[in-house]
Amino acid sequence: MSKDIEMGIIKADKLVHEFIRRDEEGNVESITTALDQVDLDVKEGQFIAILGHNGSGKSTLAKHINALLSPTEGSLWVDGMDVQEEENVIPVRRTAGMVFQNPDNQIIASVVEEDVGFGPENIGVPTDEIWERVAHSLAAVGMTKYRKHSPNKLSGGQKQRVAIAGVVAMEPKCIVFDEPTAMLDPNGRKEVISTAHELNRKKGVTILLITHYMEEVVDADYIYVMEKGQIVMQGTPREIFSRVEELKEHRLDVPQVTLVADELRKTGLDIPAGILTREELVDAIMRLR
Amino acid sequence: MIRDITIGQYYPAESAIHKLDPRVKLFSTLIYIIALFCFRGIAGFVIITAALAAVIKISKVPFKFMVKGLKAIVILLLITGVFNLLFTPGDITIWSWGPFKLTDAGISNAILMVLRLIYLILGTSLMTLTTTPNQLTDGLEKVLGPLNKIHVPVHAIAMMMSIALRFIPILIEETDKIMKAQMARGADFENGNLIQKARNMIPLLIPLFVSAFRRADDLAMAMEARCYSGGEGRTKMKPLTYDKKDYIAYILDSVFIVLVVAARVFVPFPM
Amino acid sequence: MSIILDKVNYCYSEGTAYQIQALKDINLEILDGQFIGIIGHTGSGKSTLTQLLNGLLKATSGNIYVDGKDIYDEDYNMRDLRNKVGLVFQYPDHQLFETTNFEDVCFGPKNQGLDRKEIELRAFEALRNVGFPEELYYQPPFDLSGGQKRRVAIAGVLAMKPDVLILDEPTAGLDPAGRDEILGLVARMHKELGITIILVSHSMEDVAKYVDRLIVMNQGEVMYDGAPKEVFPHYKELEAVGLAAPQVTYLMHELKEKGLDVNVNATTVKEAAEDILHALQ
């Protein structure tokens, strides 16, 4: 595929990844298919969510986008670059940054600003510009106040914002969030999700949010639901949220508001499908009076 | 308890010592250690004490905080003290029992060794308290840079050290949590003889190792994702450059060591 | 077995510049057989409280009485307390260490000084009670999924036959399905084994449908203590301290404000749907 054909920033074509486990003699013991024929097409500037429970393959997908894993079959292009080409690895990582689940295990430095500078240092950014980028990135995630602090004294949400700043400082076009809220409390979760939205809105960064919390994806542009390595549902939040039974089958946690709306709809009340927020439901109910 | 270890921790503050080039601090620490082991006589001791006190004062690290770090080595201090006290031959024997002897030289040796150790810990922890691990490793990397020519992976060593220092507090906290989790299941880390104690550590060490390996794995991936690929082609956010205060510090270092040596030559008593 | 806390205070790093008052004048009475949820965000003192209850931390001041005995009396045996009050910590990875799951569960009873037969009996019973699949009994704990690890960790404490079982954030890091399974398991253990259960969490929504008493902690103090239906009406105050009441609570209050006559005390989806229907008719 050539670059001049209209192609999204991330495009996966029948992507397959198999984890092969071998015994001591090198014989194949078991093969786990973590990704099974995944097609994905993300346009620049979109906010995409990938939902799925643990073991659904969503993290494996994320690691491909950052060239941390290589496809067994199929292809993946990031900004037109084939991730399987050796010389593309670093450019791909500069284009698509990644924020991981555990905030502690991705902060390298003992001072916030030094950690944010780590990425730019690696890609050879000149010193003066590193300082500018660090200042910018910390401001973008609202952590300027803490630039001289030790990451150890920060809350989970704050640490995660530092990690985000560290990625932002590399000025990627796209950021993949791999379950960034799984280890955080409700306050921390809100901080991280709103930071992601802000980056998308203000800087036009393409966001891929991988999570198992449905309430975090309400504001996404498009949602993919994964199960057993496959994409089993896709659509806008409204389309996805209207398929309550299916979501339950995929062991997802449908928000209470959507559930109440669904219950009411089932009794024959005239309530639109795919209710996302409390306000919508209140309006819909009040209209029935 | 276990959280009280301050060696290797960084204490953020705005002080002249914090702002010094890490190479200066490394060199000064070296000078200080040499001075500690070669001084003789009360005059030398006074000079070292005064220098240490002055630097602690300037560094703005609370003295209380530093003393907390000493708690961790109380046992070591006691052992050193007792050994020196009981096994040093001397001119005047005050008391003896079997192989144990309490002599004048023993007493002064014990005092001297314990003081040396305390000063050593205070001085070196002052360096780590005022220098971020990254600065410290930057300094080491630069100082040891010439070794690169004989194929010593200086950058890799420096990076490993900086990561180790970043994770020490995290692993200490984790050790605390694991201990509590096992104590809740009736584990006993305090009683028993040495062999039992060693065996009792297994429920602590295994989860700690498993977790440390997992962290190492995660961290390696996170570093790769941020385009880390060794020292080549890297720039520095905080490149090391000397300025006036660093040269002044070097001069003060020289004055200090000259004074200690002079004290040793001219006033080598009462030790 | 009842636990009474009388003006309990706890201070970290007392007497230093880093002093943090983690608990302030806590008065609580925990009765036999209750199913309690302790809710609070990070740093509210809830974890400190659980560690006081089984003697891992000692209160800086105040008294704790277990079965009428002061646990800070000199002749009180702390081991007894830990046998009576079991505490399962947040991350199972912090406690699993044996070569097999079964052996790991044996660790607690072994420390209680029981004989081998009794130890194994208890381990079997505990693993069965947490619904752990039999084919995994003799597998190493390190390869298990998050949910299964959690079960082994709970079994490891359950095998010590505590009268009170405290679970600190037992669902942290699990996905929704795993979370529902563990919470369902805890609820079942409460019913079938008749033990007192204290569930520590930062999520109201998770805990609300299971417990019969909620203790809300904020900045080291007990903010609310009562049945979920008594606590949720304070949803505005809860939100102010960073805790959210279940979405249903908000929904019902908003409908009521708009003039629909609904019962604001509904806490579950089912109750809410039925009540809205009723109000619309």
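Visitor: Is A:Glu179 buried or exposed?
Guide: Keep in mind that this is a predicted model. A:Glu179 sits in the loop between strand E7 (174–178) and helix H6 (186–203) of chain A. Buried means under 20% relative accessible area. A:Glu179 comes in at 7%, so the call is buried.

Visitor: Which side chain does the side chain of A:Glu179 make a polar contact with?
Guide: A:Glu179 touches several residues further off in the sequence, including A:Asn54, A:Gln101 and A:His212. A polar contact needs a pair of N or O atoms within 3.5 Å. At 3.0 Å, the partner is the side chain of A:Lys58.

Visitor: Now the holes. What volume does the largest cavity have?
Guide: The structure holds 3 cavities of 30 Å³ or more. The second largest has a volume of about 40 Å³. For the largest cavity, the figure is about 200 Å³.

Visitor: Which elements give two or more residues to the lining of the largest cavity?
Guide: That lining has 16 residues, with A:Glu121 and B:Asp138 among those nearest the centre. It divides into 5 nonpolar, 4 polar and 7 charged. The elements you're after are helix H3 (112–122) of chain A, plus helix H7 (133–144) and helix H8 (154–183) of chain B.

Visitor: How many nonpolar residues are in the lining of the second largest cavity?
Guide: Helix H5 (156–168) of chain A and helix H10 (202–225) of chain B each supply at least two residues there. Among the lining residues are A:Met98, A:Phe100 and B:Ala222. Alongside 1 polar and 1 charged residue, the nonpolar count is 6.

Terms used. Residues numbered from 1 in each chain as written. Chains lettered and ligands numbered in written order. Predicted model: local features only at pLDDT ≥ 70, side-chain atom pairs only at ≥ 80, totals over all residues. Heavy atoms only, no water. Helix = DSSP H or I, 4+ residues; strand = E, 2+ residues; numbered from the N terminus. Buried < 20%, exposed > 50% of the residue type's maximum accessible area, 1.4 Å probe, protein only. Polar contact = N/O pair within 3.5 Å; in protein donor to acceptor, adjacent residues only side chain to side chain. Contact = heavy atoms within 4.5 Å. 1 Å grid on protein atoms, 1.4 Å probe; cavity = no way out; pocket = protein on both sides within 12 Å on 5 of 7 lines; lining within 4 Å. Points joined across faces, edges and corners; volume = space filled by probe spheres on them. Nonpolar A, V, L, I, M, F, W, Y, C, P; charged D, E, K, R; others polar. Lists of a residue's contacts leave out its neighbours within four places in sequence.
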